[in-house]
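Welcome! Here is a short tour of a protein chain, with a look at its surface and its charged side chains.

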Amino acid sequence: GLTPNGAFAQNMTLQQCPEVAVANNKNLLVLRNNLQLAEQKKQEALSNRLPKITATGDYKFFTNLPYQLMPLSTFNPAAPEGEFKEAQFGVPHNLGLNVQAAMPIYNPQIKTGVQGAAIASELGYLQVEKSEEQVIFEVANLYYNAQILQQQLLFVDSNLVNANRLFATMQLLRSQGLAKGTDVGKIELQQAQLQSQRLQLESKLAQVLNGLNFFMGRELDAPLSVPIDIATAENNAYPVSASVDLRLTQAQNRLLLNELELIEKAKLPTVSLVANYGLTGFGYLQQPESFVKIFPIGFIGVQANYPIWNKTTRFRIAQKEVEINGNRLQSEQIQAQNDLQIANAMAQKNAAQANISTTQKQIDLAKSVYLQTLVQQRQGTATIADILLADNALREAQVNYLNVLVEYLKADLELKKASGSIKN
């Protein structure tokens, strides 16, 4: 194929363009890369089932040793009860090194968190699917625009041929004194308008092809062409499946229910197995005798936590229930809106398809009238005004045909999207 500037271009079908776009569109590549983040969060949630090991160390130098009150009888057995004596204990230098391991035995939030991460990952894939559908929709729309513009160029070229022939005829008649200069001027104006229209159409076509290249992840100036012929003999209906918007809302509902369950399970106890091993050091670095002594410490046990009272949890549950109800209403709205879009798109498509053959016949009839008017003009029974009227009628028939074609393609595309069949 040839581009508007005449360069050799790759001719791509309506099936090839979306395939290339889905594989190479830059925005889709970014979204697919972000899916790795969701997978990592899923692995993070799974890792909560594994034991956690922490190491801690601390050193303290007491400038003032801590005091403790001791019963006075400790120092003097004859001292009365209820009397105490302050005493300082310990040494200035204290060192602690500990390694602790904790293994969850019972934690209902962990399983729920893993399920939530899986739902969040599913949401990520659905977002990518939604973006893919949008890219396919945009590509198909640009593809149809390119075909319509090429159809318009065909009509303009055909009209230019007619105008050029008529111009040559009028010049001949003028040289014979059978036509006025104003008649020739009218045809010249028509030629100039058609040439200007052609330049505008070529510019628009180049912009549309650039847009197609952009969505397909190609260089903007990569040569590209699309077939001129537009296929309209398609089925009026497509298999209806749940739209990606509806599936997104349903997945969001599961995620909200999961978050509600997570909040409710925060009220349950958790049990962990803990193990600790460490070293405790004491040092005294003054006279009469300095020393550093280190003692081991270790234990294995079970740790349980149970939240007794937390008013915040109650409010968080109430908020989440409001979100879930809003999500349910949104899902119903999406379903109703989708049904409306399918019904409207099908009605518009049927009406447009019925009008396509009618407008094609109108073009044929307008061509016939135009040619007959030319014959009548040569016979002296029609004026230049009659020819221009017939030419305008032909152009109007061409515009009507293209408008109906645009309506058909737009309705077909909307029907595919609403039916969930745009990727098929």
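## A leucine to start with

In which strand does Leu95 lie? Leu95 belongs to strand 5. Please keep in mind that this is a predicted model. Leu95 counts as partly exposed because its relative accessibility is 37%, and a residue is called partly exposed when it falls between the 20% limit for buried and the 50% limit for exposed.

## The nonpolar patch

Leu95 is also one of the residues that make up a nonpolar surface patch of about 920 Å². Its partners there are Tyr59, Phe61, Leu97, Tyr277, Leu279, Leu285, Val292 and Ile294.

Which elements give two or more residues to this patch? They are strand 2 (52–61), strand 5 (93–106), strand 7 (270–284) and strand 8 (291–305).

## Salt bridges across the chain

Let us turn to the charged side chains. Searching the whole structure gives 14 salt bridges. One pairing is Lys130 with Asp245, where the N to O distance is 3.1 Å. This pair ties together distant parts of the chain, with Lys130 in helix 3 (residues 108–175) and Asp245 in helix 5 (residues 244–265), 115 residues apart. Lys130 is partly exposed, at 37% relative accessibility, and Asp245 is partly exposed too, with a relative accessible area of 32%.

Another pairing joins Asp412 to Lys349, with the closest N and O atoms 2.6 Å apart. Here again distant parts of the chain are linked: Asp412 sits in helix 7 (residues 384–419) and Lys349 in helix 6 (residues 311–378), 63 residues apart. Are these two side chains buried or exposed? Asp412 is buried, since its relative accessible area is 1%, and Lys349 is buried as well, at 0% relative accessibility. Both values count as buried because the limit is under 20%.

## A bridge within one helix, and a network

Where do Glu261 and Lys265 lie? Both are in helix 5, 4 residues apart, which is about one turn of the helix. Their side chains form a salt bridge, and the closest N and O atoms are 2.8 Å apart. Glu261 is partly exposed, with a relative accessibility of 28%.

Finally, some charged residues are joined in a network rather than a single pair. Which residues does this network of salt bridges link? Arg32, Glu132 and Lys423 are its members.

Key. Residues are numbered from 1 along each chain as its sequence is written. This is a predicted model: local features need pLDDT of at least 70, side-chain atom pairs count only at pLDDT 80 or more; totals for chains, interfaces and linings use all residues. Side-chain values use heavy atoms; hydrogens and water are left out. Patches are made of residues with over 30% relative accessible area and no salt bridge: like charges are joined within 9 Å, nonpolar side chains (Val, Leu, Ile, Met, Phe, Trp, Tyr) within 5 Å. Accessible areas come from the Shrake-Rupley method with a 1.4 Å probe; for residues, only the protein chains shown count as cover. A salt bridge is a side-chain nitrogen of Lys or Arg within 4 Å of a carboxyl oxygen of Asp or Glu. Buried means under 20% relative accessible area, exposed over 50%, partly exposed in between (1.4 Å probe, protein chains only).
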